[in-house]
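Grab the model and a viewer, and let's work through some helix packing and a sheet together. Each exercise comes with a task and then a solution in steps.

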Amino acid sequence: MTAEIAPAKVLVVDDEPFMLRALERTLSFNFRPSTAESGPEALQVLAEEGPFEVVISDMWMPAMTGAELLGRIRNQAPDTVRILLTGMADADAATGAVNDGQVFRFLTKPCPPETLIDTVREAVDHRVVKKNERNLLSSTLTGMVEILANIIAVSSPSSFEKTENLRETVRSVVQNLGWPEAWKYEVAATLCHLGCVAVPEDTVRRALRHEPLSEAEKAAMRSHPEVGYRLLHSVPRLEKVAEMIRYQASPSPDEVDDRVRRGAQLLRMCLHFEGLLDQGHETREAVNVVRDIYPHELVVGLETAAESQAWAETVLVTVEELRYGMVLDQDVLSASGARLVSKGEAITESLTERLQRFSQTVGVNEPFRVRKAPRRRPARA
């Protein structure tokens, strides 16, 4: 038996009780209406009874206009479709609200019941379509990031090996700071070395080890943030991430969005911090080095994150126990002793599949050592 789909929830807002009751009666045959007599009351109902598929608001009300209310709802509940109900004299203001993206549509009073019902149905359908599009885009984006991470792992294993520490540090700092859309900063950390795929692996490896480089090699390493930006900036929803990566090694221009600027600063600070640890600095010493260089807010978030990090030991695993993000700590050999994969290779989905095929054909000498998601212990007092 097919489950019945519950009628859509609709919040109706109007300061005229007679009009509010009339709208409620009209909608009750096809939807689940709730009511509020002011903007503040509507926000309270939204918080206590939401989410709602649709909100319909009168334009002119005491304390808060309908346009102001729907603008607030757009920020607090962006998935809710918003409809403005107004008089003919207010058409210009209503049109402006539509153009500003605050509302899906506006209706003029008096609104025939059929028009109201048809418009709410269209709003509900619009919400479903947008939600499906967003879900599809999110799944596509996730797959794209995984593919790009695998490309880094194969083309530039030295830089990929550094990513797990960096991503964990960035994730912890963002969590401590309570920044919204944390995923963007984590993706920026995951893909910050994407441009290294255009740099010879030997150059990348020596640069990350802080070994001497020729002028040409230094120029190649300086160019990788711009290369990463060019590869990412046209990918939907990754535009801001691409800009963070672009400015990971240098100050961003004044016209850059504030979220991009602070994301680039965060990335630059965490890269600096990780580099200091790689050079042998203790955690507390590394934090003190970056303290006078980066914004206080970021350093406080980093300090809190560093205190919670711990060493991860190398472990012995079989092919079936391999997981994305691990790094081989020894050569993987066949049953006859032939080298199949070299030490230092990062574990990706494709490498796991290859080792599984080897296991079923020539055999694999198991178990073998890997390092997994290493984290660092804070320095002792």
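## Exercise 1: α9 against α10

In α9, Pro-225, Glu-226, Gly-228, Tyr-229 and Leu-232 meet Ala-242, Glu-243, Ile-245 and Arg-246 of α10; contact here means heavy atoms within 4.5 Å. This is a predicted model, where local features need pLDDT of at least 70 and side-chain atom pairs count only at pLDDT 80 or more, while totals for chains, interfaces and linings use all residues. Residues are numbered from 1 along each chain as its sequence is written, and side-chain values use heavy atoms, with hydrogens and water left out.

Task: sort the contact residues of α9 with α10 by class, then work out how the two helices are oriented.

Step 1. The classes come out as 5 nonpolar, 1 polar and 3 charged residues. Ala, Val, Leu, Ile, Met, Phe, Trp, Tyr, Cys and Pro count as nonpolar, Asp, Glu, Lys and Arg as charged, and the others, Gly among them, as polar.

Step 2. Two packed helices are described by the angle between their axes and the distance between the axes. For helix α9 (residues 215-232) and helix α10 (residues 239-246), that's an angle of about 170° and axes 8 Å apart. The axes are lines fitted to C-alpha atoms, for helices over the stretch in contact, and angles run from 0 to 180 degrees between N-to-C directions. Helices (H or I, at least four residues) and strands (E, at least two) are DSSP runs, numbered from the N terminus.

Step 3. So α9 is roughly antiparallel to α10. The cut-offs: under 35 degrees is roughly parallel, over 145 roughly antiparallel, 65 to 115 roughly perpendicular, and the rest oblique.

## Exercise 2: α11 against α12

Task: describe how α11 and α12 pack, and say which residues make the contact.

Step 1. Helix α11 (residues 258-278) and helix α12 (residues 283-291) pack at about 140°, with axes 9 Å apart. That angle makes α11 oblique to α12.

Step 2. The crossing of α11 and α12 is right-handed (the near helix is turned clockwise from the far one by less than a right angle; anticlockwise would be left-handed).

Step 3. From α11 come Met-269, His-272, Phe-273, Leu-276 and Leu-277, and from α12 Thr-283, Ala-286, Val-287, Val-289 and Val-290. By class, that contact has 8 nonpolar, 2 polar and no charged residues.

## Exercise 3: α6, α8 and Leu-208

Task: place Leu-208 within the packing of α6 on α8, then find what Leu-208 touches.

Step 1. Helix α6 (residues 157-177) and helix α8 (residues 201-208) pack at about 40°, with their axes 8 Å apart. They are therefore oblique to each other.

Step 2. Pro-157, Ser-158, Ser-159 and Lys-162 of α6 meet Glu-201, Val-204, Arg-205 and Leu-208 of α8. Those contact residues split into 3 nonpolar, 2 polar and 3 charged.

Step 3. Setting aside neighbours within four places in sequence, Leu-208 is in contact with Ser-158, Ser-159 and Lys-162. The C-alpha atoms of Leu-208 and Gly-275 are separated by 7.8 Å, although the two residues are 67 apart along the chain.

Step 4. Now look at the loop between α8 and α9, the place of His-210. Phi of His-210 is near 60°, a positive value in a residue other than glycine.

## Exercise 4: the sheet

Task: give the strand order of the open sheet, then place the helices that pack on its strands.

Step 1. The 5 strands run in the order β2-β1-β3-β4-β5, with parallel pairing (two strands pair if DSSP finds at least two bridges between them). The edge strands, each pairing on one side only, are β2 and β5 (105-108). Neighbouring strands are turned by 20° against each other on average, direction ignored.

Step 2. Strand β1 (residues 9-13) and strand β2 (residues 32-36) pair over 5 bridges, and Leu-11 has Ser-34 as its bridge partner in β2. At the β5 edge, 4 bridges join strand β4 (residues 81-86) to β5, with Thr-86 opposite Thr-108.

Step 3. α1 packs on the sheet, touching β1, β2, β3 (54-58) and β4, and its direction makes about 170° with that of β2. Helix α2 (residues 39-49) lies across β1 and β2, at about 140° to β2.

## Exercise 5: cis bonds

Task: which loops hold Pro-51 and Pro-110?

Step 1. Pro-51 lies between α2 and β3, and the peptide bond from Gly-50 to Pro-51 is cis, with omega near 5°.

Step 2. Pro-110 sits in the loop between β5 and α5 (113-155). The bond from Lys-109 to Pro-110 is cis too, with omega near -10°.
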